[in-house]
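Reader: I have just opened this entry and would like to work through it step by step. Could we take it as a series of questions and answers?

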Amino acid sequence: MRVLLEVEYRLSRSAVVALGLASLLLAPCSPAVDSLSAQDRLQVVATLPTYAAIAREITGPLADVSAIARGDEDPHFVDPRPSFARRIQAADLFISTGLDLELWVPGLLDRANNPEVREGAPGHVVAYAGIELLDVPASVSRAGGDVHIFGNPHIHTDPINGIIIGRNILAGLRRVDPGNAAAYEANAAEFENRTLRQLFGDRVYEMLGGEVLFELARTGSFWEFAETQSYQGRPLTEHVGGWLAEAAAFRGRQMACYHKNWAYFSRRFEVDCAIYVEPRPGIPPSPGQVRKVVSFLQESGVPVLLAANYFSRRQVETVAHRGFAVPLLVPEHVEGAAGVTRYSDLFDTWIPCLSDAFLGTDQGEGHCPAHHPDDHEDH
């Protein structure tokens, strides 16, 4: 039986260094702040409600955090209202993806004219920093639609990326509010550890610890490592719990996707988007493409069509039903549906919803939240 305490030998030197950094994050924090006046609280503005939700995990009561886009709104196409510029004008910290998802941001920053949060300033946080981007095009051309020239910007759909986003936000908070750094660090450590427990389950978390698990997951080597280890006479893979265990129903399977929202989720949970209704982002599917997707679903038996709930419900349901698949319209972002108020709520929604659909237990309806009250039929 291999001894799990020898795991550090199997990790890169960077993982061992990360363990030391984790101990700094776990340093005792200053007494909690129960109440602050509005003028004393830091003002944090995020482009997307998911970034805002992660920021709230870290700031606690020390900041007022708001988002510009709604959770049920396509982040590619947000109307840049003057009120958004006024919020940014008053912000101490501004959080955006930093890629070409929110093309409406530069205009808002110009109108806000806040030098503290403009790109490159201490109060500007780029969420994607440190994340390995997927779908980076080999050649750059806008001719085929709204191609993301830097790579896929829907980074938040992997919980490991969520931790990296949190670290980027923490770095920004340290820059603009160093006096409360200890409190932010303690909150960030709690967010990271809770997310890792939710991803791997308590047993594996207690065996290996947060930083080891983070490095194994970040480098994509967790399953390879787990398959070579045993504990109490059982393979380590049998001790895995949390979201990874819940996702076993669709690990190694295929689904159809409406848009390339799910690339990072697909990689983390090993469920491949085999075909897209909207193969070119921003370009509505042609009748020929719809027929192609329907034929693929019928012939392959792929059981699920997954879509963010800001796309046309009628379109998603029509394609799925014609292909004998289950249509799953889920919130891509926090606040995209009732009850989805924290970052972890996204995975607590997506994973059971997909699992039920793949298992055929309740056609995915039992765990899928209803469409937002402001439901729209057209994309």
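Reader: Does His 124 count as buried or exposed?

Author: This is a predicted model, so the answer describes a computed structure. His 124 lies in strand β4, which spans residues 124–126, and a residue is called buried when its relative accessible area is under 20%. Because the relative accessibility of His 124 is 9%, it counts as buried.

Reader: Which residues does His 124 touch, not counting residues up to four places away in sequence?

Author: With sequence neighbours up to four places away left out, the contacts of His 124 include Phe 94, Ser 96 and Leu 109. The remaining partners of His 124 are Glu 116, Val 117, Arg 118, Glu 119 and Arg 175.

Reader: How does Pro 122 count in terms of accessibility, buried, partly exposed or exposed?

Author: Pro 122 sits in the loop between α4 and β4, and it touches Leu 93, Glu 116, Gly 172, Arg 175 and Val 176 when residues up to four places away in sequence are not counted. Its C-alpha atom is separated by 9.2 Å from that of Asp 92, although the two are 30 residues apart along the chain. Since partly exposed covers the range between 20% and 50%, Pro 122, at 43% relative accessibility, counts as partly exposed.

Reader: Why do the buried residues of α3 line one face of the helix?

Author: Helix α3 runs over residues 82–89, and in it Phe 84, Ala 85 and Ile 88 are buried. Seen down the axis of α3, these buried residues line one face because they fall within an arc of 100°.

Reader: Which residues are exposed on the other side of α3, and what covers its buried residues?

Author: The cover over the buried residues of α3 includes β1 (42–46), β3 (93–96) and α4 (105–112). On the other side of α3, the exposed residues are Pro 82 and Arg 86.

Reader: What do the buried residues of α13 pack against?

Author: In helix α13, residues 313–322, the residues Val 316, Val 319 and Ala 320 are buried. They cover an arc of only 95° around the axis, which puts them on the same side of α13. The elements that these buried residues pack against are α12 (287–300), β9 (304–308) and β10 (326–330).

Reader: How is α2 oriented relative to α6?

Author: The axes of helix α2 (residues 49–59) and helix α6 (residues 181–200) come within 7 Å and cross at roughly 125°. An angle from 65 to 115 degrees would count as roughly perpendicular and one over 145 as roughly antiparallel, so the crossing makes α2 oblique to α6.

Reader: How many nonpolar, polar and charged residues does the contact of α2 with α6 have?

Author: From α2, the residues Ile 54, Glu 57, Ile 58 and Thr 59 take part, and they meet Ala 183, Tyr 184, Asn 187, Ala 188, Phe 191 and Arg 194 in α6. Sorted by class, the residues of this contact are six nonpolar, two polar and two charged.

Reader: Which handedness does the link of Cys 257 and Cys 273 have?

Author: A disulfide joins Cys 257 to Cys 273, with an S to S distance of 1.9 Å. The pair links distant parts of the chain, with Cys 257 in strand β7 (residues 253–257) and Cys 273 in strand β8 (residues 271–276), 16 residues apart. Both Cys 257 and Cys 273 are buried. With -60° about the S-S bond, their link is left-handed.

Methods. Residues are numbered from 1 along each chain as its sequence is written. This is a predicted model: local features need pLDDT of at least 70, side-chain atom pairs count only at pLDDT 80 or more; totals for chains, interfaces and linings use all residues. Side-chain values use heavy atoms; hydrogens and water are left out. Buried means under 20% relative accessible area, exposed over 50%, partly exposed in between (1.4 Å probe, protein chains only). Helices (H or I, at least four residues) and strands (E, at least two) are DSSP runs, numbered from the N terminus. The arc is that of the directions from the helix axis to the C-beta atoms. Contact means heavy atoms within 4.5 Å. Axes are lines fitted to C-alpha atoms, for helices over the stretch in contact, and angles run from 0 to 180 degrees between N-to-C directions. Angles under 35 degrees count as roughly parallel, over 145 as roughly antiparallel, 65 to 115 as roughly perpendicular and the rest as oblique. Ala, Val, Leu, Ile, Met, Phe, Trp, Tyr, Cys and Pro count as nonpolar, Asp, Glu, Lys and Arg as charged, and the others, Gly among them, as polar. A disulfide is a pair of cysteine sulfur atoms within 2.5 Å.
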